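Q: I would like a close look at a single part of this structure. Please describe what it is built from, what lies against it and which side chains meet around it, in one connected answer.

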Amino acid sequence: MFEASEIKRLIEQGLPCELVIIEGEDGVHFRGIVVSATFEGKMKVRQHQAVYATLGRLMGNEIHALQLQTFTPAQWEEGRGELGM
């Protein structure tokens with residue numbers, strides 16, 4: 001079983017972020033929101049890959065699933081980000 005707080009810590013350690021919210025109750029399936037300026041000009045798939053890279057081998061092992069919503073700071077401020085969590 002893995003903790004949402006540890007996933008948040010790893011993402012924040014590996015990627016400069018303005019906001020990271022991770023939730024998950026069962027210890028293997030999680031959902032989250034990540035806001036980072038590093039996402040500027042990148043397609044969603046590349047944004048998600050950048051987040052997954054911070055978790056390395058944990059993805060698909062200890063972390064079975066991580067449903068992500070990613071935003072640039074401008075997108076988040078414009079209200080494109082909906083928590084929906």
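A: The answer follows the sheet, then its packing, then the charged pairs. The model is a predicted one.

The sheet is open and has three strands in the order 1-2-3, with mixed pairing. Its edge strands are strand 1 and strand 3 (65-71), each of which pairs on one side only. Direction ignored, neighbouring strands of the sheet are turned by 15 degrees against each other on average.

The mixed character shows in the two pairings. Strand 1 (residues 19-23) runs antiparallel to strand 2 (residues 29-35), and five bridges join the two. One bridge partnership here is that of V20 with V34 in strand 2. Five residues lie between the strands of this hairpin, and G27 there has a positive phi near 85 degrees. On its other pairing, strand 2 meets strand 3 in the parallel sense over seven bridges. Within strand 3, F71 is the bridge partner of V35.

Two helices pack on the sheet. Helix 1 touches strand 1 and strand 2, and its direction makes about 155 degrees with that of strand 1. Helix 2 touches strand 2 and strand 3, with about 125 degrees between its direction and that of strand 3. Strand 2 is thus named in both packings, once with helix 1 and once with helix 2.

The faces of strand 1 can be read residue by residue. In a regular strand the side chains alternate between the two faces of the sheet. In strand 1, V20 and I22 make up the covered face, while L19, I21 and E23 make up the uncovered one. I11 touches both residues of that covered face, V20 and I22, and its other contacts beyond four places in sequence are C17, V34, V51, T54 and L55. Among these contacts of I11 is V34, the bridge partner of V20.

I11 also belongs to the largest nonpolar core, which has 17 residues. Those touching the most other members are I7, I11, I22, F30, V34 and I63. Two or more residues of this core come from each of helix 1, strand 1, strand 2, helix 2 and strand 3. The largest share, four residues, is given by helix 1.

Next comes a polar residue in the second helix. Q47 is in helix 2 (residues 44-55). Its relative accessible area is 3%, under the 20% limit, so Q47 counts as buried. Apart from neighbours within four places in sequence, Q47 contacts F39, K42, T70 and F71. F71, one of these contacts, is the partner of V35 in the parallel pairing.

After helix 2, G56 sits in the loop that leads from helix 2 to strand 3. G56 is partly exposed, because its relative accessibility is 41%. G56 and L10 are 46 residues apart along the chain, with their C-alpha atoms separated by 9.7 Å.

The charged pairs complete the picture. Side chains of opposite charge can pair when their charged atoms come close. The count in this model is five salt bridges. One of them joins E6 and R9, with N to O at 2.7 Å. Both residues lie in helix 1 (residues 4-14), three residues apart, about one turn of the helix. E6 is partly exposed because its relative accessibility is 26%, and R9 is partly exposed too, at 40%.

Another bridge is that of R57 and E62, whose closest N and O atoms are 3.2 Å apart. R57 is exposed, with a relative accessible area of 58%, whereas E62 at 31% relative accessibility counts as partly exposed. A network of salt bridges with shared partners links E23, E25 and R31. E23 in that network is the residue listed with L19 and I21 on the uncovered face of strand 1. Within the network, the side chains of E25 and R31 meet at 3.8 Å, N to O. This pair falls inside the 4 Å limit, so it counts as a salt bridge. E25 is exposed at 65% relative accessible area, while R31 is partly exposed at 26% relative accessibility.

Note on methods: Residues numbered from 1 in each chain as written. Predicted model: local features only at pLDDT ≥ 70, side-chain atom pairs only at ≥ 80, totals over all residues. Heavy atoms only, no water. Buried < 20%, exposed > 50% of the residue type's maximum accessible area, 1.4 Å probe, protein only. Pairing = 2+ DSSP bridges. Contact = heavy atoms within 4.5 Å. Axes fitted to C-alpha atoms, helices over the stretch in contact; angles between N-to-C directions. Core = buried A, V, L, I, M, F, W, Y, C linked by side-chain atoms within 4.5 Å.
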